[in-house]
Amino acid sequence: MPFLAILRRYSLLVLLFGLGLSVVLFSTPPGNYTHLIAGRVSSSAAPYPQKNLSAQKLRITSQKSSNGDLSSASGRSLTQNVVKTILDNGMTVLTKEVHTAPVVSVQVWYKVGSRNEAVGVNGIAHQLEHMLFKGTTSRPIQFGRLFSALGSDANAFTSYDQTAYFATVEREKLLSLLVLEADRMQNSRIDAASLASEKRVVISELQGYENSPDYRLNRAVMRAAFPDRAYGLPVGGTKADVQKFTVEQVRDYYRKYYSPNNATLVIVGDFQTEPTLKVVKEIFGNIKGLGPSADREKELGEKPQSKIKNQKSPTANIILREPGSAALFEVVYPLPSIAHSDVPALDVMDFILTEGRNSRLYQVLVESGIASEVSADASSLLDGGWYDVSATAAPGQELTKLEQVFEEAIAKLRDRGITQEELHRAKAKLSASAILQNRDIVSQGMQLGYDHTTAGDYRYSDRYLAGVEKVTAADVQRVARTYLNKVNRTIGFFEPTQESGQTSPAGKASAQTTEKFNLGPPVDPAEVSAYLPQVDGEAKNLDADRPSAAIAPPPLLPEKVRLSNGLVVLLMPDKSTPTVTLSGFVRAGTEFDRPEVAGVANLTAANLMNGTATKDAHTLSKVLEDIGASLDFEVSREGVIIDGNSLSADLPALIETLADVLQNASFPLDQLELIRQQNLTALREELDTPQNVAEQTFQQAVYPKDHPFHVFPTPESLKRVTRKDVVAFKQKHYRPDTTVLTLVGDFEPSQARSLIETSFRKWKAKGKPPTLDFPPVPSPPKLVQLNPILPGKAQSITYLGYNGIDRQDRRYYAATVLNQILGGDTLSSRLGNEIRDRQGLTYGIYSYFQAGINAGLFLIQMQTAPEDSQRAIASTVELLRQLHVKGVREDEVAAAKQAIASRYPISLINPDDLAQTILMNEVYGLDTAELRQFTDKIQAVTLADVRGAASDLLYPDNLVVVTAGPPVSASR
C-alpha cells in the first residue's frame, strides 16, 4: 500500500530505527499531561516510541472531497510532472519540480532492509545505515556535521524492504547535497573503531525500544507468525546479533547493496529538471554498478509471494508474563504482497474495522469499555504482508473477553458483510488523504521513493487510489473471508506481572558524580567547511533558464483579525494544494489543574467531541469522517492545541463543527466515564515508562509545590473529577478572548472571515480571563540527583536542567544560537559530538529551552544503558561547565546562525508546521512580522550575546538530574 499512511496514523515524520539527526515526532498518547507548550529553541527528538515498534507500519491514510472523486479534488494525479530517468549504471532518478518555496528535498532509497537478513545478522541493514553517517575515505568526518552546515533537515531510516536517506535544503545547496550522497554511496568509511562506537549507539537505541511492552509483544507475535521469513525479525535487529557484527560483514553488505543499480534518487522541489539531470549524471554516472539487482535477490533465496499459504495448524497463543502496566492483545494475519489486487479492498476493510469513532472494533471494544484503545494496520510489502490489530485492555477486563468480542466482530464481517454507508466513509477517508498527506515536498518524495522501491513503480499510488474507488461491499466481505481466518492468525497476550507506578523511591545525591573524563575538542567549523562541497555557482548551474515567476517571493504575512468577542484569527492563503490546515490555541491547559482534581483539563478537552446540544458523539464524528476531515484537541501545560485538516471545499463543515463543540459541548456522563477509564489506563502506562517518569520527576523537582507546573494527575485525582468539575472548567477557561485560530490553505480570506464570524458570533466571554500566580523558582544550591527505579526496563532516560526563560526574554535569540551549539543537533552539537559520537554512550542527546508564555525548562535529555548513565551525566556536566566558563568561539556562532537561518524556511514548507508557527507567534505575544523577521534576528546575534547567554543561562553546579530506569545490576 502507499507509504504516507504511517505519517498520519502514527504521527511519525521519521520512521522507526531512523538515525535521529533532527526532529523526530512521535504520537502523544492519551493522557500525556507532562508536555509543555513552549517555543523550543532547538529541534528535539523523542526516540521512545509507544506502540508496535518492531514493525514499520505502512499505510496511506487518505481523505477526499465531498463528491468522492480524487481527481476532481486535486485536478491532477499524485505523479503529475514526475520525470523518470535511468542512468547507464542502472540508477533510477525520479524528479518532480515544485516551485512553491525555494527549497529542494533529496532522497536516496536503497532496495535493502531487514528483509535481506537472517538470524545471526539481524539488524545489519540498520547498523549499516548508522555507519553511513560516520564519514567517507575522502571526507573522514561525521556527515551530520556537514548536513548541519548546509542547514539541512536530514535523517535516515531502515525498514523491511528499503533503507532511505533524505535531506531538505535551500535550492542553491542542491549540488552540495548530491555530491555528499554520491560520496557515501561509494566511499563510506567502515572501520573497527567507528563500528565499535556505533554498535554501542545502536544497542542504546534497541534497549530504548525494549522499555515498551508493546514492542516486546509485537516482536514475539511477528516471530511466531513468520518463523521462516525475514519479515518476522525486528527491523532494528537484536542486541545479541549487533554485538557480533564484524567490519567484514558490514562492509560486505555495503558492497553488495549500496550500488547505483540498487538505488533510486528522488529530487522534489524548486529546481530545473534539465540542468539538474545533467549534474546528476556527472556526479552519479561514473559510480560503477555491481551487477543486476536480480542477482542479489537470487542470493537471498527470496521469491515474491502473491498467495498466502495456510499453516498446517493454528499457532498456539503467545503469552508474555512480564513487568508492565496494562494487559495487551495483538493478532496478526498474513496478507499478500503490495502487487496483489486485493490490497485496496484490504485497506478499505481495515478502515471499516478500526479507523475512527464509528469503526466496528472501536464500537465493540472501546465504546463498550472492554479496551481503552484499539489500532490496526494492513501492511503490504515487497514479499508479503500482514494485518496487525492490537488493543489495550481496560482496567479489570480479561484478555480472553477482549479476544472473544474481537472474534465475534471479525466473524460478523465475514458472514454479513458491510453497509454502503461504511463503504463510502472508508473510501472517502482513504482517497483524499492522498492530497492532505502530499502537501509538502518531503512527503511527495517519500511517496515516490516508497512506491518505486517496494511496488516497483513510482505511479503505484495513482493505481492504488483508482483501485480504492472500485472496491465494492462484496470485495470487502470476500477479502475478510479470505484472509481473516483462524487457521492463519497468530495471537499474543501480554499479562503484566506487577502494578504500574511501583517505582522505587527516588534517591537524592548532594554532589555530582566523581568520575572525571577528558572531553574531546569541540566541533571545528573550519574542519567542517574544508569537507563541504564548493557551492560557488550552484544556483546559476541548476537554475538555468528559470522563469522569474518560479522564484519564490519573501514569505507573506498572515492577516490578523480580532472579532468583537476577542477571538483572534490569523489567515494565510496558499492555493498550492486544495486543502486547509486549521491550528488553534485555547488558554485552558493543565497549568489550571488544582491538585485535588488534577486531570480535569485533560478530561475537558478529551470530551469536547463527545456531544453537543444538537449532535451526539457519533453524529459529530460522521460529519467529519464522511468528508475525510479531522479535528483533534490536545492538552499541554499552557493551553489546548486544536488541530484540523480538510479539503478546501469542506472548510465550512470543519469550522462549524469546531464552533459547535467549543460553544455547546454537553459532556454526557457515560462518555465522560469512558474517557476517564482511558485516561486512567494511559496514566498507568505513563508511570511504567522511564521517559514519562523521568519527565514528571524532573519537573516536580524543579518547580515548587505551589507552582502551576508542579501539578500532575494521579489515579486518585482523576477519580475525583466530576461532571460538574468538567462543566465548570469548560465555562471558566474556554473563552473567545483566550483563543487564537490560524487558517493556512486554499480559501478566500473574506469568505473565511465571514464564515468564522458567523459561526462564533454567539460565543461570549464574561468578566476577565482567569489568571495564575507563578511564584519564584529557586535554583538548587548544588547538583541534585534523583533515580526512580522501574523494574523490568532495559534503558535509562536522563533529564538534566532547571527553570529557564520565556519566549519574550531578550536573550531568547542568543539562547537559540547557544543551544544549537550545545545540543541542537545530536550529530553536530558539542553534546552530540562528545556523548554520542566520540564516547558512543547514547542513541540521542538533545538540549532545548522550553520558552513559552511563562518561563519553561532548560533541559538536556538522553537515553543510555543503565551502566553508562553516570559516565554520560559526568561528561555532560563537564561540557556545560566548559561552555559556562570558556564560552564559545566566533566560528561556532557563525556556523550555528547559518544552520538555524537555513533551516527556518525549510521548516515552513509543511502547512501544518507553518500554521503552528503563525499560531504560537501570536500566543507568545509576538508581531505577525516575526514570521519574516526571525532569521534576521538570529543573524543579528553577536559573539558577545552568545557568551553572555552561556554565562547567564548555564548553571553546571545547580542542576537537577533525574535518571529513570532499571537498577544498574539489572542490565548486566
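## F667 and N81: two loop residues with positive phi

F667 is buried, with a relative accessible area of 1%; buried means under 20% relative accessible area, exposed means over 50%, and partly exposed covers what lies in between, using a 1.4 Å probe and protein chains only. The residue is found in the loop between α23 (651-664) and α24 (669-686). Helices here are DSSP runs of H or I with at least four residues, strands are E runs of at least two, and both are numbered from the N terminus. Phi of F667 is near 50°, a positive value in a residue other than glycine. Most residues other than glycine have a negative phi.

N81 is another non-glycine residue with a positive phi, near 75°. Its place is the loop between α2 (70-74) and β2 (82-86). With a relative accessible area of 54%, N81 is exposed.

## A word on the model

This is a predicted model, in which local features need pLDDT of at least 70 and side-chain atom pairs count only at pLDDT 80 or more, while totals for chains, interfaces and linings use all residues. Residues are numbered from 1 along each chain as its sequence is written, and side-chain values use heavy atoms, with hydrogens and water left out.

## The chain as a whole

The secondary structure of the chain comes to 35 helices and 24 strands. Of the 972 residues in the chain, 65% are buried. Contact means heavy atoms within 4.5 Å. Among contacts with a separation of 6 or more, 85% are accounted for by residues 24 or more positions apart.

## V93 in strand β3

V93 lies in strand β3 (residues 92-97) and counts as buried, at 0% relative accessibility. Leaving aside neighbours within four places in sequence, V93 is in contact with V83, K84, T85, L87, L265, L277 and V280. One of these partners, L265, is 172 residues away along the chain, yet the two C-alpha atoms are separated by 4.7 Å.

## K244 and R753: two charged helix residues

K244 sits in helix α8 (residues 239-244) and counts as exposed, at 52% relative accessibility. Not counting residues up to four places away in sequence, K244 touches K199 and Q249. From K244 to G120 the C-alpha distance is 8.3 Å, with their positions 124 residues apart in sequence.

R753 belongs to helix α28 (residues 749-760). It is partly exposed, with a relative accessible area of 26%. Beyond its neighbours within four places in sequence, R753 is in contact with E559, V561 and L571. The C-alpha atoms of R753 and L570 are separated by 9.5 Å, and these residues are 183 apart along the chain.

## Where α12 meets α15

Just before α12 comes D342, found in the loop between β9 (328-335) and that helix. D342 is buried, with a relative accessible area of 6%, and leaving aside neighbours within four places in sequence it is in contact with R478, V479 and Y483.

Two packed helices are described by the angle between their axes and the distance between the axes. The axes of α12 (residues 343-354) and α15 (residues 420-436) come within 9 Å and cross at roughly 110°; axes are lines fitted to C-alpha atoms, for helices over the stretch in contact, and angles run from 0 to 180 degrees between N-to-C directions. That makes α12 roughly perpendicular to α15, a label for angles of 65 to 115 degrees. On the α12 side the contact has D347, V348, F351 and I352, which meet E422, L423, A426, K427, K429 and L430 in α15. These residues divide into six nonpolar, no polar and four charged. Ala, Val, Leu, Ile, Met, Phe, Trp, Tyr, Cys and Pro count as nonpolar, Asp, Glu, Lys and Arg as charged, and the others, Gly among them, as polar.

## Where α6 meets α30

Helix α6 (residues 192-210) and helix α30 (residues 830-838) have axes that come within 9 Å and cross at roughly 95°. That makes α6 roughly perpendicular to α30. S197, E198 and V201 of α6 make the contact with R836, D837 and R838 of α30. The residues of this contact divide into one nonpolar, one polar and four charged.

## The bend in α29

Helix α29 (residues 812-824) spans only 14 Å between its end C-alpha atoms, whereas a straight helix of 13 residues would span 18 Å at 1.5 Å a residue; the expected span is 1.5 Å times one less than the number of residues. α29 bends by about 30° at L818, where the bend is the angle between axes fitted to the seven residues ending there and the seven starting there. The helix is mostly covered, with 13 of its 13 residues buried.

Technical notes
Angles under 35 degrees count as roughly parallel, over 145 as roughly antiparallel, 65 to 115 as roughly perpendicular and the rest as oblique.
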